[in-house]
Amino acid sequence: MQPQIDISIVIPLLNEEESLPELTQWINRVMESHGFIYEVILVDDGSTDGSWRVIQELSVQLPQIRGIRFNRNYGKSAALNTGFKETQGRVVITMDADLQDSPEEIPALYEMIINDQYDLVSGWKKKRYDPLSKTLPTKLFNAATRKISRIKLHDFNCGLKAYDQRVVKSIEVYGEMHRYIPVIAKWNGFGKIGEKVVQHRERKFGTTKFGLERFVYGFLDLMSITFVSRFKKRPMHFFGSLGTVSFLLGFLISFWLIAEKVYYSFQNLPVRNVTDQPLFFLALVAVILGMQLFLAGFLAEMISLSGKKENEYLIRDTVGLSK
């Protein structure tokens with residue numbers, strides 16, 4: 001019988017062949033010095049350099065190293081989601097492969113999950129070594145996410161996080177939603193979310209993969225998560241409410257215009273035809289829109305009942321795992 005793995009470390013990567021040997025050796029030193037039984041799951045997200053070759057070589061030197069190689073670049077969320085499925089440890093750590101996250105933080109994060117019973121602990125890079133073009137959008141992103149999610153974290157986007165295993169086995173991450181894992185965890189009932197100030201080191205190799213488009217996509221994903229979390233199982237509550245308001249508004253305006261026409265006609269007073277008034281056509285549009293929203297709600301209800309389809313990513317090769 002194999003001993004229980006204490007820590008699973010999931011590391012998504014893209015073109016990090018220079019960083020991997022130093023990072024994995026550093027992790028091994030920290031794990032051995034604290035007596036942890038661990039595994040490292042390196043997820044190669046379509047690298048075009050020699051990252052996969054390095055992973056294969058490292059897995060020979062360190063049996064704790066496991067590898068997954070995507071057929072193409074799917075993004076960090078896909079890499080994390082696939083890595084989460086393979087984890088076996090009681091605590092799951094995620095970190096970046098660029099050596100900007102320090103493995104020395106892992107034991108303290110582990111203790112917060114095991115002893116303080118946090119569901120999730122997010123790193124906070126209080127002092128950053130990123131350029132202003134990255135730190136300023138990040139601050140705006142964090143402020144908006146804090147306001148909408150009501151989770152009091154300073155750094156949602158920090159790659160260094162620790163999870164109770166139940167969390168990563170209960171959530172689905174796709175698109176650019178890795179930034180919102182604390183939000184997704186909270187909506188799934190894992191509300192004890194903590195934060196720890198962690199070191200942030202200057203990038204030693206390669207270049208950052210951060211781009212302005214990720215900032216834009218991030219906000220769209222936040223809106224998507226907020227909507228899906230609230231109405232995933234009851235879409236009719238959303239579409240039906242809007243449809244009811246629109247339909248009633250259109251109906252009441254039409255009724256008022258027609259009643260006014262009838263009243264003035266009986267009084268032999270001058271009055272415009274209903275069809276001569278632009279407001280009547282706006283009311284008709286509101287009625288039709290309301291009915292369409294109802295139909296959208298019914299369709300969404302039927303789709304939500306048709307079952308869950310998980311995201312699937314094409315895996316080209318694996319090391320230390322069954323393919």
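1. In this predicted model, residue Val10 has Ile41, in strand E2, as its bridge partner. The two strands that pair here are E1, covering residues 7–13, and E2, covering residues 38–44. Seven bridges join E1 and E2, and the sense of the pairing is parallel. In general, the strands of a sheet pair through backbone hydrogen bonds, and the pairing may be parallel or antiparallel.

2. The wider sheet deserves attention next. It is an open sheet of eight strands, and its order reads E7-E5-E6-E4-E1-E2-E3-E8. The pairing across this sheet is mixed. At the edges stand strand E7 (193–197) and strand E8 (315–319), each of which pairs on one side only. From one strand to the next, the twist averages 20°.

3. Two helices may be considered against this sheet. Helix H2 packs on the sheet and touches E1, E2, E8 and strand E3 (65–70). The direction of H2 makes about 155° with that of E3. Helix H3, formed by residues 76–86, lies across E1, E2, E3, E8, strand E4 (91–94) and strand E6 (161–164). Relative to E1, helix H3 runs at about 155°.

4. How do the axes of helix H1 and helix H2 cross, and at roughly what angle? Helix H1 spans residues 20–34 and helix H2 spans residues 51–61; their axes come within 10 Å and cross at roughly 30°. Because of this angle, H1 is roughly parallel to H2. The crossing of H1 and H2 is right-handed.

5. The contact between H1 and H2 can be listed residue by residue. Helix H1 contributes Leu20, Pro21, Thr24 and Gln25, while helix H2 contributes Ser51, Val54, Ile55, Leu58 and Gln61. Of the residues in the contact of H1 with H2, five are nonpolar, four are polar and none is charged.

6. Aromatic side chains form a further topic. A search of the whole structure finds 10 aromatic pairs. One of these is the pair of Phe70 and Tyr313, which is tilted, with 5.9 Å from centre to centre and 35° between the planes. Why does this pair tie together parts that are 243 residues apart in sequence? Phe70 lies in strand E3, whereas Tyr313 lies in the loop between helix H10 (278–305) and E8, so the pair ties together parts separated by 243 residues in sequence.

Key:
Residues are numbered from 1 along each chain as its sequence is written. This is a predicted model: local features need pLDDT of at least 70, side-chain atom pairs count only at pLDDT 80 or more; totals for chains, interfaces and linings use all residues. Side-chain values use heavy atoms; hydrogens and water are left out. Axes are lines fitted to C-alpha atoms, for helices over the stretch in contact, and angles run from 0 to 180 degrees between N-to-C directions. Helices (H or I, at least four residues) and strands (E, at least two) are DSSP runs, numbered from the N terminus. Angles under 35 degrees count as roughly parallel, over 145 as roughly antiparallel, 65 to 115 as roughly perpendicular and the rest as oblique. A crossing is left-handed if the near helix is turned anticlockwise from the far one by less than a right angle, and right-handed if clockwise. Contact means heavy atoms within 4.5 Å. Ala, Val, Leu, Ile, Met, Phe, Trp, Tyr, Cys and Pro count as nonpolar, Asp, Glu, Lys and Arg as charged, and the others, Gly among them, as polar. Two strands pair if DSSP finds at least two bridges between them. Rings of Phe, Tyr and Trp (its six-membered ring) pair if their centres lie within 6.5 Å; planes under 30 degrees apart count as stacked, over 60 as edge-to-face and the rest as tilted.
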